[in-house]
Amino acid sequence: MDNGSLALQYLLSGITKGSIYAVVAIGFNLIYSATGVINFAQGEFVMLGGMVAVTLAFYVPLPVAVAGAVAIVALVGCLLELTLFRRLRRHSILHLVIITIGLSIVIQEVALHIWDEKVRSLPYFSGNEVSSIRFLGAAISPQVLWVLGTVGVVVLGLHIFLRYTLRGRAMRACSSNPEAAMLAGINIPNMRTLAFGLSAALGALAGCVISPMTMTHYEMGAPLAIKGFAAAILGGLGNPMAAVAGGLLVGLIEAASVSRLPAVYSDVAAFAILLLVLFVRPQGLFGAPSSDAVREH
Amino acid sequence: MKQIPIILAGLCSLLALLFAPGCAPPAPSEPIKIGALFSVTGPASFLGAPEEKTVQMMTEQINAAGGINGRKLELVIKDTAGSPEKAVSFAKQLIEEDKVLAIIGPSTSGETMKIKDLCEENQVPLVSCAAAETIVVPVAKYVFKVPQKDSQAVTWIYRTMKDMGISNIAVVSSSDGFGAAGKKQLEDMAGAEGIRILANEVYDKSATDLTDVLTKVKGNSSVQAVVNWSIVPAQSIVAKNMKQLGLNVPLFQSHGFGNLKYVQQAGVAAEGILFPASRLLVVDQLPDSHRQKKLLAAYKKDYESRYKEDVSTFGGHAYDALTVVVEGLKKAGTPDRQKLRDAIENLKDVVGTAGVFNFSATDHTGLDLTAFEMLTVKDGKFTLNKK
């Protein structure tokens, strides 16, 4: 394989991994933007989305299964917010973040009991396990295009929602100035529930679209959450496009690292770059400078 | 609250009532107690879950046929969830409180190594379902294992490669204990078998995509085959990624590939994968005259009809562990830990799922190279690899 094709292949590989991280990072970003909570259970929403979809896919066609999974997990997200976080409004953000860590462990165990330890996956949305799109000597699986397409649609949808709809603007108002939002008559607790539900829905969608590539199993949430979180931080919390950019960057850094160093250092490289960026720009690459405006769009 | 003492009194009497029947005197013909430690839940549940199901099924069959030397077999099973700490505390419990004659399991090498000394000190026979060489090297008097050795799996892989004219390979392995153990065996044995490892990469065991590592392998055009040493899900991800990248060289997997589910997960990409495994997976293709055929066919039929899932070589290890203990008990006569240990050590020609066991004072694994068979995947099924 000549050097040009090899470099292109690494690039495509980086985009493949990056798309997985990006689609998870968007969910992190949304909850943080709307509520200030870093939801470490976001990875579990991704896992649940895949698991529910695989189960539903036995009974209904694939698109219906995916839609059903998204709806069910969104409901779960809303319920979790209603039962757990609404009561704890007066607790500090740190308490809530720690609760999400505990939540992620609980969801994992519940998933293990409902579904057992076996690894499963949705069928490829187009093509199968060996199909690949070739150009200029490099190849990529068509599923990656589905992931990137989903990312694009989600980012666009979020942008429209947050800028042009009343609910979306209300959500932005809650995050930038809760007191003023309350005075304007916005129901803050309901906005929070909406944010959780939406984030869970995005996580579930991510889980469905990456399932053929990464396989779905009850333990997949935690490592994905870490990478997704790192990607969201690298891009800069507060902006969905930044989350996507962060995800793609982490993937590309990992691929670049593998090309030069032993593969075992790829995680080290990604986190080293993350730390470096944070030392220089604590708000992430594309985040706004001040800590208040970090949650603005 | 004034109601608290009343509630507590009520709870205490309820608890007393629940436990009272358990305090009845023991039955006249005591059952033989064997302990079992399996990781039924947790990260190693793909090992422990079929192992637990297998021994439950076997215990019922043995008791229905009259037990051992006229006494019922009682299996005390503990779920360690793959945690070495839990394995230690359950092992202590089994040895001291339940006073079991022997322990079968644990499912993983990490847990086994933690309780190896404990069992040796307490002189309790341990028949492990884990594969690491260090379990039986150096030999501990009371510790045995039933899975084949990693080194035997590697030997089979390398010899098949030589038959195929392959000498330059790439090794990719996962960052967990199993991957590390396999990597070491592959490296240690390569020179002697005339194999050159051109690329040797370790990936994170929870990696979701391995196209970058495989791109690196693809970049080296002299590589004639890839060996992957990991468990799920990486096993299927490697297979799929290789095909997606157009890396069309033979893929060898470890004996951890021994479950039809993994083939299904890799779908079309699983075709042509080569790996060493017990003949359990291809029992239908064995000639009737084969020594293991009857036992394997019966185990497969019973397990699959009862549990509605495919047999795996992992459940087979539990079958072998219990078989070894039962044969030892029959030979020993009286249920005594020392006698049982001596009996097991001298077992010869015991047919199991992994192979035919011949233990000795220096060999506590009991299996040789004939225990493995090289298998491949054809049309979504396991078949013998015809040379």
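This passage walks through a predicted model of two chains, A and B.

Let's start where the chains meet. The contact draws 35 residues from chain A and 36 residues from chain B. On the chain A side, four helices each chip in at least two residues: helix 1 (3-35), helix 8 (188-214), helix 9 (221-235) and helix 10 (240-260). Helix 1 of chain A gives the most, with eight residues. Sorted by class, the side of chain A that touches chain B has 17 nonpolar, 11 polar and seven charged residues.

Next comes the nonpolar core. The largest one has 212 residues, and those with the most contacts inside it are Val73(A), Ala204(A), Ile103(B) and Ile104(B). In chain B, domain 1 (32-148 + 296-370) and domain 2 (151-277) both give residues to this core, so the core lies between them. As a rule, nonpolar side chains in soluble globular proteins tend to be buried together. Over in chain A, Ala204(A) touches Val73(A), and it also touches Phe45(A), Leu48(A), Gly49(A), Ala69(A), Val70(A) and Ala74(A), leaving aside neighbours within four places in sequence.

Now for how chain B is divided up. Its domain assignment gives domain 1 and domain 2, and their centres, taken over C-alpha atoms, are 30 Å apart. Where the two touch, 11 residues of domain 1 of chain B are in contact with 13 residues of domain 2 of chain B. On the domain 1 side, helix 4 and helix 11 (313-332) of chain B are the elements that give two or more residues. That side of domain 1 is made up of four nonpolar, five polar and two charged residues.

Helix 4 of chain B (residues 109-121) also has a helical partner, helix 3 of chain B (residues 84-97): the two pack at an angle of about 30°, with axes 8 Å apart. Their crossing is right-handed. From helix 3 of chain B come Pro84(B), Ala87(B), Val88(B), Ala91(B) and Lys92(B), which meet Gly110(B), Glu111(B), Lys114(B), Ile115(B), Leu118(B) and Cys119(B) of helix 4 of chain B. The residues of this contact split into seven nonpolar, one polar and three charged.

Two of those helix 3 residues, Ala87(B) and Ala91(B), turn up again among the contacts of Leu37(B). Leu37(B) sits in strand 1 (residues 32-38) of chain B. It counts as buried because it has 30 C-beta neighbours inside 10 Å, and 20 or more is enough for that label. Leu37(B) is also in contact with Lys78(B), Thr80(B), Phe90(B), Ile103(B), Gly105(B) and Pro106(B), again leaving aside neighbours within four places in sequence. Although Leu37(B) and Val76(B) are 39 residues apart in sequence, their C-alpha atoms are 8.5 Å apart in space.

A few bits of backbone in chain B deserve a mention too. The peptide bond from Gly105(B) to Pro106(B) is cis, and Pro106(B) is in the loop between strand 3 (102-104) and helix 4 of chain B. The bond from Val137(B) to Pro138(B) is cis as well, with Pro138(B) in the loop between strand 4 (126-128) and strand 5 (143-145) of chain B. Then there are positive phi values in residues other than glycine: Ala81(B) is near 55°, and Lys308(B) is at about 55°. Ala81(B) lies in the loop between strand 2 (73-79) and helix 3 of chain B, while Lys308(B) lies in the loop between helix 10 (293-307) and helix 11 of chain B. Ala81(B) is partly exposed, with 18 other C-beta atoms within 10 Å, whereas Lys308(B) is exposed, with 7.

Technical notes: Residues are numbered from 1 along each chain as its sequence is written. Chains are lettered from A and ligands numbered from 1 in the order in which they are written. This is a predicted model: local features need pLDDT of at least 70, side-chain atom pairs count only at pLDDT 80 or more; totals for chains, interfaces and linings use all residues. Axes are lines fitted to C-alpha atoms, for helices over the stretch in contact, and angles run from 0 to 180 degrees between N-to-C directions. A crossing is left-handed if the near helix is turned anticlockwise from the far one by less than a right angle, and right-handed if clockwise. Two residues are in contact if their C-beta atoms, placed from the backbone, lie within 7 Å. Ala, Val, Leu, Ile, Met, Phe, Trp, Tyr, Cys and Pro count as nonpolar, Asp, Glu, Lys and Arg as charged, and the others, Gly among them, as polar. A nonpolar core is a set of buried Ala, Val, Leu, Ile, Met, Phe, Trp, Tyr and Cys residues joined through C-beta atoms within 7 Å. A residue is buried if 20 or more other C-beta atoms lie within 10 Å of its own, exposed if 12 or fewer, and partly exposed in between; C-beta atoms are placed from the backbone. Domain bounds come from an automatic or database domain assignment.
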